[in-house]
Amino acid sequence: MSSSALDAEKIESKQEERTANVHRLDSLNLLIFTTLLVVVVLTIWVFKRRNFRYIHETCLALFYGFIIGAVLRHTSTSDTKTNILKMNDTILPKNNVPNYISFEDSNMSAVYLYSFQGPYQKDTVPLDEHKVMFNSEIFFNLILPPIIFNAGYSMKRKNFFRNLGAILMFALVGTTIACISTGIMVYGSVHAFSSLDFFSFTDSLYFGAIISATDPVTVLAIFNDLNVDVDLYAIIFGESVLNDAVCLVLANSIEKYVAGAILDKFDRTLMLKSLGNFFVVFIGSFAIGSGMGCLTALMTKFTYIRDFPLLETTLFVLMSYSTFLASEAAGLTGIVAVLFCGIFQAHYTFNNLSKESQQRTRDLFGLFNFLAENFIFIYIGITLFTFPSHKWDIRFIILSIMAICLARVLCVVFLSFILNLFRKNPISWRWQMMIIFSGLRGAFAFALAIRNVSTHARSLMYTTTSIIVIITVVFNGTLVAPVLKLLKIRMNVNEETETTSSRDRYRIMGNNNDEQKKQSKTWLLNKWSHFDKIFMKPLLTHSYPPLTATLPPCLLPITRLLTTKEQRTMSRNENSLSNLTPSMMNSDDSILNNNHAVPTLELIDMDNSDDYLTGSNFKSNTRTNQVLDTQMDPLVQFDDDETLANNIG
């Protein structure tokens, strides 16, 4: 056999050996995480069975991650040692760093190919073995999208819109204030120490942006178990959902400024350009997310794919995930897009789905959210011991904790004072203390920090963020129930008592009630509610009245094309229902208003759709039930008018 043939066999053998070793390590890493998730699930079951609410599953995931991380730190998962070939004093072409580097081995006629990993500052190159480490892009492309989408898809819009003003104030204005104030305090503090002089002002602002992302998953889970006041729950949940999106766009805008700025020189033009980029990215991502949600609604409305629930669910999942990819491919922010896609899918597409797909999509994204959240917290616990490029500085960690606490207090107290000038139901000091206490840092801040650890400053940010996430999740999450009792915040609140008759399937609204609802809404919400009712819902769902009744007659040829058979059927049923006399209805529990010849049907929203058919809701006589049966089509749109707020504050 010739020497070239022998060399080829050696190359093939080494490549196969390397591939098999990498595959074995990847399988072992995934097995470790899968086993830990199983242990977390079993522990949660034990805690729920014992009614033990003081430790959330995220805390358990962290603790188990600590244990495995400590074990892996002192053991090796590979039989081969890491060999590093250093090339000192190598001059690369200016502004043209190669993506691949090849070396020719003259001993066996082989060429070795190495891919580009990125520029690293000296002493930050991860030369040690990467134990149980994943590419940071996995978090952004696979793990975070289901978490963010589920937040929008499972949102209780009724309470969200009732407190929309406070949520927007805390999420948009509050997050921006927190980012700037945290950055300024950190920058002013670190320059008191000469060893931290590498931490620039833009580094401080970037750190302020990523560490301002709140993730009160532990608090909200305990809130849900204890049935805490629904408005307080809505404010904290709504702030955390929008807060993540704002933090990501802020961080990206700061990075763009740093990329184009001259070192140690302030560039006003570039700053304005970065500020403009913030609004362009946010609005563009919102447009893609809402557009994909509307497109999915149209696809599910005008096709009969609901006859095949498996295909329908698959289409829903693929369209939702493609929203993230489309936004990222367009150079925008997929996290913002997928959040608003989830909201629009819940508001429109959900009502076009078959009952099987409605249940499947809720359960599926709830499962994705549970697994992704716990995976990230297990990963945080493990990498605290195994990450090779940690940069520890206890002074910076303490200063950072003090800065974020002060910024949190400043934002909540100041913005609550402003909101209380306009709110009919002011945010009490007890609620303010609970909102401050609920400002945990979690998975999103960690994912932003681990994305780039190429310099001393970024490594310090990552280490500090990990410690802050661990401290806030364990400390704040464990003390939620005692703090609730100490502040005497309402618990065991039945949501049904918050909105009277919210579970009635049909309700007749008189002119007086309509007028009260209009007066109780702000001008903006009132206009959107009207537009949503006469155009968006009839266009995107099977809701009644159809576009043929809400739009001008001159558009009749177009509106007929956009009206489905179900909507025409409901129109005929509505006409037959209007011909019934009041004597045909039960006077005690009638769904018809005897004061009106042509009643107006109002449907409940998705939040209470699971139990709208409970027996107690329908006590009318036999003839009334026969009429209602003609109306109870599973494709009927759940009208969200009741879900809109009395005020946006």
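How do the axes of helix α3 and helix α11 cross, and within what distance do they come? I would like to begin there, and then work through the rest of the protein. The axes of helix α3, residues 136–153, and helix α11, residues 334–347, come within 7 Å and cross at roughly 35°, where axes are lines fitted to C-alpha atoms, for helices over the stretch in contact, and angles run from 0 to 180 degrees between N-to-C directions. Helices here are DSSP runs of H or I with at least four residues, strands are runs of E with at least two, and both are numbered from the N terminus.

Before going on, a word about the model itself. It is a predicted model, in which local features need pLDDT of at least 70 and side-chain atom pairs count only at pLDDT 80 or more, while totals for chains, interfaces and linings use all residues. Residues are numbered from 1 along each chain as its sequence is written, and side-chain values use heavy atoms, with hydrogens and water left out.

Back to the first pair. The crossing of α3 and α11 is right-handed; a crossing is called right-handed if the near helix is turned clockwise from the far one by less than a right angle, and left-handed if anticlockwise. From α3, Leu144, Pro145, Ile148, Phe149, Gly152 and Tyr153 meet a set of α11 residues that includes Ile335, Val338, Leu339 and Ala346, contact meaning heavy atoms within 4.5 Å. By class this contact has 11 nonpolar, 3 polar and no charged residues, where Ala, Val, Leu, Ile, Met, Phe, Trp, Tyr, Cys and Pro count as nonpolar, Asp, Glu, Lys and Arg as charged, and the others, Gly among them, as polar.

Now the overall picture. The protein has 24 helices and 4 strands, and of its 649 residues, 50% count as buried, that is, under 20% relative accessible area, with exposed meaning over 50% and partly exposed in between, for a 1.4 Å probe and protein chains only. Among the contacts with a separation of 6 or more, 82% come from residues 24 or more positions apart.

A second helix pair is α5, residues 164–190, with α6, residues 201–211, whose axes come within 7 Å and cross at roughly 135°. The two are therefore oblique to each other, given that angles under 35 degrees count as roughly parallel, over 145 as roughly antiparallel, 65 to 115 as roughly perpendicular and the rest as oblique. This crossing of α5 and α6 is right-handed, and the contact involves, among others, Cys179, Ile184, Val186 and Tyr187 of α5 together with Phe201, Leu205 and Phe207 of α6. Its residues divide into 10 nonpolar, 4 polar and no charged.

Val186 brings us to Ser400, which lies in helix α13, residues 394–420. The C-alpha atoms of Ser400 and Val186 are separated by 6.4 Å, although the two residues are 214 apart along the chain. Ser400 counts as buried at 0% relative accessibility, and, not counting residues up to four places away in sequence, it touches Phe207, Thr464 and Ile468.

Phe207 also appears in the largest nonpolar core, where, of 130 residues, Phe170, Phe199, Phe207, Phe223, Leu232, Ile376 and Met434 touch the most other members; a nonpolar core is a set of buried Ala, Val, Leu, Ile, Met, Phe, Trp, Tyr and Cys residues joined through side-chain atoms within 4.5 Å. Helix α8, residues 230–260, gives the most to this core, with 14 residues. Leaving aside neighbours within four places in sequence, Leu232 is in contact with Phe223, Trp431, Met434, Ile435 and Ile489.

Met434 leads to a third pair, α14, residues 429–437, and α17, residues 480–487, whose axes come within 10 Å and cross at roughly 165°, which makes α14 roughly antiparallel to α17. The contact is made by Trp429, Arg430, Met433, Met434 and Phe437 of α14 and Val480, Val483, Leu484 and Leu487 of α17, and it divides into 8 nonpolar, no polar and 1 charged.

I will end with two details of the backbone. Most residues other than glycine have a negative phi, and most peptide bonds are trans. Lys488, in the loop between α17 and α18, has a positive phi of about 55° although it is not a glycine, and Lys488 is exposed, with a relative accessible area of 67%. The peptide bond from Tyr544 to Pro545 is cis, with omega near 5°, and Pro545 is found in the loop between α20 and α21.
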